[in-house]
Amino acid sequence: MIRKLIPVLLVATLSACANSGAPRSSSPSAASSSSSSPAAADSSSGATYGSPSAIPSSGKTCDAGALQSQIGQKATQSVLEDLRKRSGATTARILRPGQLVTMEYNDTRLNLIVDDKDVMTAIRCG
């Protein structure tokens, strides 16, 4: 049973990593998935586990598109706060190499991914 779930979980994890913060559109194939898959429908809310719609949102989302020109600069607390305001995010965090982080998707959070010298290598929402 576990061996059958590993490919499903792998695909779900990879698609979550590839998500750039854009809202997902529902597709007919996703609606016809069986209830034994990890993305089974939640009967109480009508949302699927792991989808952005399953997470409560304040209606305000993060937009990291305009911030991509900042990649390569050093990340400081003042830069973090400036980028958070410019993106429209309500929260922000700096993610360092090897740091343990929560993996839940939050469309109002800005993530600055940095290298070991605190130089920004990626800016993403989630």
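**Threonine 108 and the sheet beside it**

Threonine 108 sits in the loop that links strand S1 (91–95) to strand S2 (109–114), strands being DSSP runs of E with at least two residues. This is a predicted model, where local features need pLDDT of at least 70, side-chain atom pairs count only at pLDDT 80 or more, and totals for chains, interfaces and linings use all residues. Residues are numbered from 1 along each chain as its sequence is written, and side-chain values use heavy atoms, with hydrogens and water left out.

Me: Why is threonine 108 called buried?
Reply: Buried means under 20% relative accessible area (1.4 Å probe, protein chains only). Threonine 108 has 8% relative accessibility, so it counts as buried.

Me: What makes the pair threonine 108 and asparagine 106 a polar contact?
Reply: The term asks for N or O atoms within 3.5 Å, one able to donate a hydrogen and the other to accept it. The side chains of these two residues, threonine 108 and asparagine 106, are joined at 2.7 Å, so the pair fits the definition.

Me: How do you know that S2 and S3 pair, and in which sense?
Reply: Happily, this one is quick: pairing takes at least two DSSP bridges, and S2 and S3 have five, in the antiparallel sense. Leucine 112, for instance, has isoleucine 123 in S3 as its bridge partner.

Me: Why do S1 and S3 stand at the edges?
Reply: The open sheet runs in the order S1-S2-S3, with mixed pairing. S1 and strand S3 (120–125) each have a single partner strand, so one side of each lacks a neighbour in the sheet.

Key:
Helix = DSSP H or I, 4+ residues; strand = E, 2+ residues; numbered from the N terminus. Buried < 20%, exposed > 50% of the residue type's maximum accessible area, 1.4 Å probe, protein only.
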